[in-house]
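Ready for a few exercises? Have a look at the sequence and the 3D structure below, then try each task before reading its solution.

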Amino acid sequence: MTDEPLLEVRNLKKHYPIRKGLLNRQVGAAKAVDGISFDIQRGETLGLVGESGCGKSTAATSIVRLEDPSDGEVIFNGGGREGRTRDGNGYHPNDVTRFDKKQLKAFRRDVQMVFQDPSSSFDPRMTVGGSVAEMLLVHGMTDKHRRRAIVEDLLERVGLSADDYDRYPHEFSGGQKQRIALARALVLNPELVVADEPVSALDVSIKAEILSLIEDLQEEFGLSLLFISHDMSVIRAVCDRVAVMYLGEIVEMGETEEIFANPQHPYTEALLSSIPEPDPRAVRSNIELTGTVPDPVDPPSGCRFHTRCHKVLQPEGVDLEQDVWRALITLRYQAASGELDLEQIRESVDSDDEIGNRIRDDFDIPQQLSDSGAERDLEQALESIVAEDLAGAVEVLNDSFSTPCEETHPDYTEHGDGHISACILHDDQIRTEAPADD
């Protein structure tokens with residue numbers, strides 16, 4: 001690898017407008033991708049990881065212009081940041097987001113994509129050889145004999161037979177179809193391949209074969225790779241660096257082994273704890289994310305992960321067990337959003353006197369908090385809920401159980417050797433001590 005990035009993504013955004021009314025006016029936007037930045041070096045594999053719905057697949061389709069980004073830059077083969085030239089409007093000539101049709105067609109010779117479900121990306125009426133060769137025809141290769149020779153050679157390189165050229169997609173297994181998808185991605189000899197969950201639909205044994213094939217092909221063809229997955233064990237097997245994505249933002253990035261050995265963001269810790277441990281004797285802590293799953297249309301203020309974070313900070317003057325503090329934050333958000341169903345709670349108890357205890361039980365809040373001030377405020381909020389004064393309860397909960405994590409959107413902190421994370425646990429200006437691990 002050289003110091004010159006093959007791909008530079010700068011503040012990339014993809015917002016989907018929300019429209020309502022007879023005039024179809026925009027009333028909001030779903031922020032699927034909300035300002036991500038990263039580089040991919042030549043010959044490097046960067047893993048983009050996160051749970052379903054975090055925006056990683058949307059980032060991929062925006063980078064290759066299957067969808068038009070809302071904002072940001074995607075610089076391909078731009079010569080690096082040093083000495084970069086721009087036109088009179090300040091735009092880089094290699095910014096993919098501003099390519100016209102001719103430029104975009106040339107770009108797609110160099111950047112190809114592999115999808116999660118290869119079955120849906122093949123025309124069932126075309127032979128697999130025809131589907132792969134179609135890419136060559138689109139880009140000007142009119143000699144059908146030469147096209148066939150190239151495709152037959154690629155089919156053999158991905159572990160199939162040249163005779164498979166004339167067979168149809170339904171005649172192949174899922175793993176074989178993914179091999180064909182790889183052949184199609186490589187037929188134009190690209191510099192970068194974007195692989196969007198390429199093995200998530202395969203069983204374990206086939207998954208290992210495809211991952212090994214991807215590594216072999218990357219070395220043989222000198223490819224750079226953007227590898228998208230929700231599976232941290234797969235990311236560890238194939239990636240040089242990792243970018244962890246949550247609710248449209250990258251929250252941590254660094255070398256793969258560094259991320260796995262020394263995660264600095266609570267969300268990364270939770271993802272790593274989900275990796276199955278084959279040794280039943282191994283002792284490990286499984287982190288269960290509770291709390292409120294945020295809406296990308298209306299993301300929470302401050303750190304977007306704080307509504308589910310197992311290390312969410314307590315304000316000065318509050319001293320509670322961390323799991324209890326997490327439960328109080330969840331109660332507060334559900335009361336504010338209207339998710340707290342008081343009518344259903346009433347139906348489950350014999351009298352109004354039991355409502356407060358039932359709410360404590362439902363949210364795993366002790367009948368008596370260890371912090372007397374917090375107990376007093378919680379009791380006041382519960383009394384307001386019983387009296388159906390939900391607004392008053394929310395006011396008390398907001399005043400008493402707010403977290404510094406919602407007040408500040410965290411900047412990136414460097415942990416050395418290209419390892420960065422965005423969490424106020426690492427902000428020197430935050431005086432509140434971080435909670436200890438349970």
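The exercises that follow deal with salt bridges and cavities. This is a predicted model, where local features need pLDDT of at least 70, side-chain atom pairs count only at pLDDT 80 or more, and totals for chains, interfaces and linings use all residues. Residues are numbered from 1 along each chain as its sequence is written, and side-chain values use heavy atoms, with hydrogens and water left out.

**Exercise 1.** Find how many salt bridges there are, and work out where Asp39 and Arg10 lie.

Step 1. Start with the rule: a salt bridge is a side-chain nitrogen of Lys or Arg within 4 Å of a carboxyl oxygen of Asp or Glu. The count by this rule is 28 salt bridges.

Step 2. Asp39 and Arg10 form one such bridge, with 2.5 Å from N to O. Asp39 sits in strand 2 (residues 25–41) and Arg10 in strand 1 (residues 5–20), so the pair links distant parts of the chain, 29 residues apart. Strands here are DSSP runs (E, at least two residues), as helices are (H or I, at least four), numbered from the N terminus.

Step 3. Now check burial (buried is under 20% relative accessible area, exposed over 50%, partly exposed in between, with a 1.4 Å probe and protein chains only). Asp39 is buried at 11%, and Arg10 is buried at 19%.

**Exercise 2.** Decide whether Arg358 and Asp362 are buried or partly exposed.

Step 1. Their side chains meet in a salt bridge of 2.9 Å, N to O. Both residues belong to helix 12 (residues 355–362), four residues apart, or about one turn of the helix.

Step 2. Arg358 has a relative accessible area of 29% and Asp362 one of 42%, so each counts as partly exposed.

**Exercise 3.** Describe the largest cavity and its lining.

Step 1. On a 1 Å grid over the protein atoms alone, a cavity is a set of points where a 1.4 Å probe fits but cannot get out; lining residues have an atom within 4 Å of a point. A volume is the space filled by probe spheres set on the points, which are joined across faces, edges and corners.

Step 2. There are two cavities of 30 Å³ or more, and the largest has a volume of about 80 Å³.

Step 3. Its lining includes Val114, Leu182 and Gln218. Helix 5 (174–186), strand 6 (192–196) and helix 6 (204–221) each give two or more residues to this lining.

Methods. On a 1 Å grid over the protein atoms alone, a cavity is a set of points where a 1.4 Å probe fits but cannot get out, and a pocket is an open set with protein on both sides within 12 Å along at least five of seven lines; lining residues have an atom within 4 Å of a point.
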